[in-house]
Amino acid sequence: MTGTEWVVVHFYHTEFFTCKVVDKHMRLIAPKHRGCKFLYLNAEKCAFFVTKLMIQILPTIIVFQNGVVVDQLAGLDELGGKDDFRTEVLEHWLSKQGCIKLKKATLAALARHCDDSSCCDSDALACDTAVARRARRGRKRRAQTAAGPRHHGRDGTRRGTAVHG
């Protein structure tokens, strides 16, 4: 782990559904962030690391910088406590640790969102999902603008060209 500046390690168990959920999200994030190495370790087969890093809850994600632990995410509590969280929520958590860089549009959406509301103080998941939603809307609006105004809905009914948030 000392050969790469940033390393994210997902400790999992093959029979835990929540570990499979985290694995799915990590596999979507990893190809977008080549500056960070993503590893997956079966907790049953690496008891030494599990003991040394004091891992008690699975799934656990540990972020290393130059071989030193930066932060640890144990379970799904910081991601909303449910297994139906969005990939953007985990991606945002990783970016807050510094191991990945989010695109400027996503960061701008985050800054706008945090300026507009106080949810960041009380509910990090609501903040993260709202930011992801705004980033998706921004991409959709840019795509609609590039393609020209859309006058008809999927059901064929006529609708206005204004995009409502």
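A salt bridge here is a side-chain nitrogen of Lys or Arg within 4 Å of a carboxyl oxygen of Asp or Glu. Keep that cut-off handy for the exercises below, and remember that the model is predicted.

**Exercise 1.** Work out whether R86 and E88 form a salt bridge, and say how covered each residue is.

*Solution.*
- Step 1: take the distance. The closest N and O atoms of R86 and E88 are 3.3 Å apart.
- Step 2: apply the cut-off, which is 4 Å. The pair is a salt bridge.
- Step 3: check the cover. R86 has a relative accessible area of 35% and is partly exposed; E88, at 25%, is partly exposed too.

**Exercise 2.** A search of the whole structure finds three salt bridges. Take the pairs D23–R27 and K32–E91, and say how far apart the partners sit along the chain.

*Solution.*
- Step 1: D23 and R27 meet through their side chains at 3.0 Å, N to O.
- Step 2: both belong to helix α1 and are four residues apart, so about one helical turn separates them. R27 itself is partly exposed, at 47% relative accessible area.
- Step 3: for K32 and E91, the N to O distance is 3.2 Å. K32 sits in the loop between α1 and β2 while E91 is in helix α3, so this bridge ties together parts 59 residues apart in sequence.
- Step 4: compare the cover of these two partners. K32 is exposed at 52%, whereas E91 is buried at 9%.

**Exercise 3.** Find out whether T87 is buried or exposed, and which residues it touches beyond its sequence neighbours.

*Solution.*
- Step 1: place the residue. T87 is in helix α3, residues 87–97.
- Step 2: its relative accessible area is 16%, and buried means under 20%, so T87 is buried.
- Step 3: leave aside neighbours within four places in sequence, and T87 is in contact with H25, L28 and I29. Helix α1 covers residues 17–29, so these three partners lie in α1.

**Exercise 4.** Lay out the sheet and say where helix α1 goes.

*Solution.*
- Step 1: write the strand order. The open sheet of four strands reads β2-β1-β3-β4, with mixed pairing.
- Step 2: spot the edges. β2 (36–42) and β4 (68–74) each pair on one side only.
- Step 3: look at one pair. β1 (residues 6–12) and β3 (residues 60–65) run antiparallel over six bridges, and V7 stands opposite F64 in β3.
- Step 4: add the helix. α1 lies across β1, β2 and β3, at about 155° to β1.

Note on methods: Residues are numbered from 1 along each chain as its sequence is written. This is a predicted model: local features need pLDDT of at least 70, side-chain atom pairs count only at pLDDT 80 or more; totals for chains, interfaces and linings use all residues. Side-chain values use heavy atoms; hydrogens and water are left out. Two strands pair if DSSP finds at least two bridges between them. Helices (H or I, at least four residues) and strands (E, at least two) are DSSP runs, numbered from the N terminus. Contact means heavy atoms within 4.5 Å. Axes are lines fitted to C-alpha atoms, for helices over the stretch in contact, and angles run from 0 to 180 degrees between N-to-C directions. Buried means under 20% relative accessible area, exposed over 50%, partly exposed in between (1.4 Å probe, protein chains only).
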